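Let's take a walk through this model, starting with its open space and then turning to its cysteines.

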Amino acid sequence: MAGKREENPAGSSNNLRGDVLRVLGVLKVATVEQIQQIAAPHLNYRHTDKPTPSKRKQARTAAHLGALSDLRKHSLAENGGQLPGGDRLRNLTPMGLKAAARELGRPVGEMGDPARGAGRTGASHPMTVNEAVLALLRPKPDLSQLASEPADVRAAAQAAVDAPAGLGTIASYATEVALPATGTWSNPGKGGTQADIVITAPEDGVPLLFVEIDNCFESAPVLAAKIDKYMRFCQRKVKDVDGKKRPMWRTRWWVPDGRRGDQPHPPLLLVFNRIGPRNPNTIIAQLAELTERHWKGTWYEDGFHMYDGKLPIVVTGMKQLKEHGPAGAVFRRLGRPHNQTLLEAIGNPRREAHGARKQAEYAARQREHQEELRRIVAQHKAEREASRPVCAGCGNRFTDERWKAIEPAGWGTPRDTHPHLCDGCKQRAITAERQAEQAGPEHQEHDQAVPEQRTEGGWLSRFRPGAG
């Protein structure tokens, strides 16, 4: 035990340090409170008896603060500056990123670069990115960790558990991901961009989603130019390991193939955090006009659009996202008049509804066809039964085998000897005929003997000599 304490003076466990590595490996830079909210959300409901918010916060984050201290001792983590409110930022060292890659099960080349120096400028953008991750992830508290807490605390935690879920786990997220229009993944060239967040949560209906965070400092043309770069990356094709050309993004992420004629690019979510001077509503209207060629689909008279080769662009506000999460109807897809949930906004509900109607109609036609076939079969069976021969002996209907046996066959095939009798009656008739044949000679001798006796003692005796 003393050896473990010397190795990790703060006394943190392997699991706790692993949690910190996973969170910082994704967020790159974060406060200890953000790490705790993602890694151990049940702690949000503990230490409610502390007198002040600062003391409650200190108690909630003490374990993760100790883990960070131990990680610093091993040169895996470091302090990354300080926020205006006084919170310290933490980030991983290059060696820490390698350790985080092992914890997340990712190649080291996909981890990005350390976020050193982020706190020198206040880190307003990285902090907004972290808020968006928390709002989309919506970590659920572990109720088993709160069994000894007061009833009102457990009720609050239960309400959080019962609320709509977020997307994936922390391992479903990546930040500051290069999207190269030229060059390679590890050495991007000019013309590409960098996604603030990439989400891969196919188990929740989001196989791939790019997220761009805007603090309302950038103009619509600047954002439109960034979307041009997203489009350029999505359209880029490279040779895959099998020698075939595929979209570059498909060589890194898995997404189900779209339907023929409707294979859009991975969707892009723009989250506007209104801390800058620009009005997001004005920016969104201008942005929709500037990027229409990228997102506008083709209208079909069946009541839906097709988005083959288009970039679905969805917008929302940070305040609404934090309040309602992905399941809330707070997302507006460019080109659509109403807010939707995230899954509806990145999808094509009207086309899916049309497909479901067509499938239902096809299934109904199939059922009608099958019912008609069953009716025809039943009618044919009834007609066949009505024409089934009846045995002339016992009155029973012929079996299928017997019926087949009496039907005319090819030339030279002997005809059935008793076509009007069933098998049983036929066998009895044949037996009787055989018995009659065997008894035939005895009956013939008897028939011949009787006339001779009649002749000798009968009417011929009158002609004998001396007859009276």
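What follows looks at the largest pocket and then at the question of disulfides. Keep in mind that this is a predicted model.

Start with the pocket. Rolling a probe the size of a water molecule over the atoms shows where empty space is left. Here, the largest pocket holds about 680 Å³ of space. Its lining is made up of 26 residues. If you want to find the centre, look for Pro256, Gly258, Pro264, Ile346 and Gly347, which lie nearest to it. Three elements each give two or more residues to that lining: the strand β6 (206-214) and the helices α12 (342-346) and α13 (349-386). Of these, α13 gives the most, with three residues. And what sort of surface do you get, by class? The lining has 13 nonpolar residues, along with seven charged and six polar ones.

Now for the cysteines. How many disulfides does a search of the whole structure find? The count is zero. A disulfide is a covalent bond between the sulfur atoms of two cysteines, and the cut-off used here is 2.5 Å between the sulfurs. Take Cys422: its closest cysteine sulfur belongs to Cys391, and at 3.6 Å that is too far for a bond. Cys422 counts as buried because its relative accessibility is just 13%, under the 20% limit. Cys425 tells a similar story, since the sulfur of Cys391 is the nearest one to it too, 3.5 Å away, and Cys425 is in no disulfide. Cys425 is buried as well, with a relative accessible area of 8%.

Technical notes:
Residues are numbered from 1 along each chain as its sequence is written. This is a predicted model: local features need pLDDT of at least 70, side-chain atom pairs count only at pLDDT 80 or more; totals for chains, interfaces and linings use all residues. Side-chain values use heavy atoms; hydrogens and water are left out. On a 1 Å grid over the protein atoms alone, a cavity is a set of points where a 1.4 Å probe fits but cannot get out, and a pocket is an open set with protein on both sides within 12 Å along at least five of seven lines; lining residues have an atom within 4 Å of a point. Grid points are joined across faces, edges and corners, and a volume is the space filled by probe spheres set on the points. Helices (H or I, at least four residues) and strands (E, at least two) are DSSP runs, numbered from the N terminus. Ala, Val, Leu, Ile, Met, Phe, Trp, Tyr, Cys and Pro count as nonpolar, Asp, Glu, Lys and Arg as charged, and the others, Gly among them, as polar. Buried means under 20% relative accessible area, exposed over 50%, partly exposed in between (1.4 Å probe, protein chains only).
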